[in-house]
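Please look over the sequence and the three-dimensional model below before reading on. The paragraphs after it are meant to be read with the structure open beside them.

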Amino acid sequence: AVVSTQSTGVRAVLESQGFISKHVLDLVFGYYGKPSHIRVDGGASQSAFILEQVSSLSAVELERSECVEGSLMGAALLAGLGAGLYTSLDHIKRDVVLQCTRVYSTGGTDDELREGYDAWRESAERCVDWTKKLP
């Protein structure tokens, strides 16, 4: 019998977030190419578990910004530009330096992580148009 605990449920949620992120990055890389690194922010970026997983699966270095809410910071900087606090985008780039708090490097993908992603992707593909298959 399979035993599920609260911690296995939490791990499953975190893993699925990492798998979704990897899937989206694959789509973006397909259109625009793969960068050497990506700066990340937002709530999920606070999880070292997710960032390590995404970095390993995507084989790209992730830099966690010290500014958790990059969208909010960007909106505030653009408001400052509109209000005349900054004279140009170059002025903002020169004067506003956001540091990274941690870099997650691609240390290679372990087999268990890769198998988990493959199983997740297969499950996700089965869910496509599932309602059309109902009687």
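What follows goes from the core to one helix and then to helix packing and aromatic rings.

This is a predicted model, in which local features need pLDDT of at least 70 and side-chain atom pairs count only at pLDDT 80 or more, while totals for chains, interfaces and linings use all residues. Residues are numbered from 1 along each chain as its sequence is written, and side-chain values use heavy atoms, with hydrogens and water left out.

A good place to start is the largest nonpolar core, which has 10 residues: Leu25, Phe29, Ile38, Val40, Ile50, Leu51, Val54, Val60, Leu62 and Tyr104. Such a core is a set of buried Ala, Val, Leu, Ile, Met, Phe, Trp, Tyr and Cys residues joined through side-chain atoms within 4.5 Å, where buried means under 20% relative accessible area, exposed over 50% and partly exposed in between, with a 1.4 Å probe and protein chains only. At least two residues of this core come from each of α1 (6-32), β1 (37-40) and α2 (48-58), and α2 gives the most, with 3 residues. These elements are DSSP runs numbered from the N terminus, helices being H or I with at least four residues and strands being E with at least two.

Helix α2 deserves a closer look, because 8 of its 11 residues are buried and the helix is thus largely enclosed by the rest of the structure. Its buried residues are Ile50, Leu51, Gln53, Val54, Ser55, Ser56, Leu57 and Ser58, and what covers them includes α1, β1, β2 (61-65), β3 (100-104) and α5 (111-127). Gln53 counts as buried because its relative accessibility is 4%; not counting residues up to four places away in sequence, Gln53 touches Leu14, Glu15, Gly18, Phe19 and Leu113, a contact being heavy atoms within 4.5 Å. Just after α2, Ala59 takes a positive phi of about 55 degrees.

Helix α5 can be followed next through its packing. The axes of α2 and α5 come within 11 Å and cross at roughly 85 degrees, the axes being lines fitted to C-alpha atoms over the stretch in contact and the angles running from 0 to 180 degrees between N-to-C directions. The two helices, α2 and α5, are therefore roughly perpendicular, on a scale where angles under 35 degrees count as roughly parallel, over 145 as roughly antiparallel, 65 to 115 as roughly perpendicular and the rest as oblique. In this contact Gln53, Ser56 and Leu57 of α2 meet Leu113, Arg114 and Tyr117 of α5. α1 and α5 pack at an angle of about 75 degrees, with their axes 10 Å apart, and are therefore roughly perpendicular to each other.

Aromatic rings also link α1 and α5: Phe19 in helix α1 and Trp120 in helix α5 form a pair although they are 101 residues apart. Their ring centres lie 6.1 Å apart and their planes stand at 45 degrees, so the pair is tilted; rings of Phe, Tyr and Trp (its six-membered ring) pair if their centres lie within 6.5 Å, and planes under 30 degrees apart count as stacked, over 60 as edge-to-face and the rest as tilted. The rings of Tyr117 and Trp120, by contrast, are stacked, because their centres are 5.8 Å apart and their planes are at 25 degrees. Phe19, Tyr117 and Trp120 form one aromatic cluster, in which Phe19 is buried with a relative accessible area of 5% and Tyr117 is buried with 2%.
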